[in-house]
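Q: I'm new to this one. Could you walk me through how to read it?

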Amino acid sequence: MHETDRTRRLMGRRRRWALLLALMLMMTGAGAESLVGSQGIAGEARMALAAWPDLTPTTLGQMQAWLKALRLRLYADQTESSLELLEGERQVLRADSQENALTLSAPGSLPPTHYLGKANEQPLETLFGLPALPDFSGFLPVLPRVKEALLQDLAPYEKADAVKTSIKQVGRASSRLVYTLTAEEAAAWWQGTLPALQPLWAEGAKRLPPAWQLGGAAAMASLGFTGKLTIRRLLDEAGMDLGFQATGRVDILGRGYRLDLTAGQKADTGFYLSVKLPAQKGRDKLEGLISLAYAPKEGGHPVKGEYSLSQVEGGDKRTLSGKVNLALTGTRLSGEVTAQARLSGSHNVKRDHRLLPDFSLQGAALDGSLRWMETEGKNTLRDLTLFLVLAPGSKPDPLTAQSQVDLAAASAEALAFAKRQAAAALLPFLQEKLLALPQNARLLVLHDWGRVRRALSQKESPLVPDDASNAFTVAEDTDTLPATKEETP
């Protein structure tokens, strides 16, 4: 039914927002370590829905009432996480995730079931189509070793250069070291360096989605050079690395690109990363930019800047861009993050998003809200607020699974059944809520949900088992067939 998909989407957004908040804390450089730590973080979240113009006032009011009664109990550490949906003290759903596995339980609907993921997919992606969120924090401890591996065989090509170069948000480099390699020299250098880089990639990417891990490893293995490669190390006045630049012609996964890369970072100024990969033939290209300034100021730690990701492929253009304006002032984290999503070509999409965090940090605890507004032009599409409380906490008792499903080894029929079974986990709860409504209100809510789902082009996706009875079928109690003499007592 429509409501299963809608509830699942709302839950998925809550998880994304919680992780986005953790990213914000990491960017400010304060509070993250005390919140995450080895003990893990625990807390609760709830959601308030202020506006959803696609819904009638009746449906919006019902959803607001249901959300008011629901809360999420959360736990996360470096290796596993747990999410429990509660109505008062009644458990509605629980999901435990660890490594490449997921345990789901919905009392009265789905007994505790342990799902083992595929080699290149997390169970959430296989069962619900929800992509896993990337976590790049694993790269931080390996970056110094990556630098050493890359520079080890470049020494014969090194030439000092007194040219001064500025990196936006980072500062001015007083000198640079330049390495110029022919295509053959670059290929030999890369083949000699690759064996040292591959285990570092595996270590740094261990918290990325499996498909990203495999894709990155494949791209590294396929990297070739079809022209001159120039690398410039940018140094500050003390001769320390401030950033680097790289230009050249490369071949990745059988496709040719022109590479233009600039990166730099300084602890007390900012961070800058610009990657341009236009195709050597045609108009396809991939470009990315992150530009952040975080120099401490009196009374606070601001983070300001912009980001963008643009891809042109086969006549379609996809862009995601926005600005970051956050500040940790005393014990308050607030500001704004914007995002503009654009798609043109075979389909046209134009969506604007605003994230408004307002959190208080007291010692190792966090308490506050994150508001999300989505608009199309001047029209508001959604206005929701997540209220969140987090602090160091203990891991909940693990779920004891009653059955196990190996998604990698499952046949097509078994996999389809597992998806339907997981999608229907919340149906009894939603049926209970809907059947408690007056009939007219129930029909209106179902109509609104179906209309929104049709507008989102989801009408073809099966959400419940084929043999599930329809608890929302409306029929007259009176038998419309004429009675026969034999049936009449």
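A: Sure, let's start with R207, which sits in the loop between α6 (183–204) and α7 (210–222). Helices (H or I, at least four residues) and strands (E, at least two) are DSSP runs, numbered from the N terminus. This is a predicted model: local features need pLDDT of at least 70, side-chain atom pairs count only at pLDDT 80 or more, and totals for chains, interfaces and linings use all residues. Residues are numbered from 1 along each chain as its sequence is written, and side-chain values use heavy atoms, with hydrogens and water left out.

Q: Is R207 buried or exposed?
A: Buried means under 20% relative accessible area, exposed over 50%, partly exposed in between (1.4 Å probe, protein chains only). R207 has 27%, so R207 counts as partly exposed. The C-alpha atoms of R207 and G138 are 6.6 Å apart, though 69 residues separate them along the chain.

Q: And where is S369 found?
A: S369 belongs to strand β21 (residues 365–376). With a relative accessible area of 18%, S369 is buried.

Q: Which residues is S369 in contact with?
A: Contact means heavy atoms within 4.5 Å. Leaving aside neighbours within four places in sequence, S369 is in contact with L356, P357, D358, F359, T385, L386 and F387.

Q: What about L309?
A: L309 lies in strand β17 (residues 301–313). L309 is partly exposed, at 48% relative accessible area.

Q: Which residues touch the most other members of the largest nonpolar core?
A: A nonpolar core is a set of buried Ala, Val, Leu, Ile, Met, Phe, Trp, Tyr and Cys residues joined through side-chain atoms within 4.5 Å. Here the largest has 58 residues, and L104, Y115 and L127 touch the most other members.
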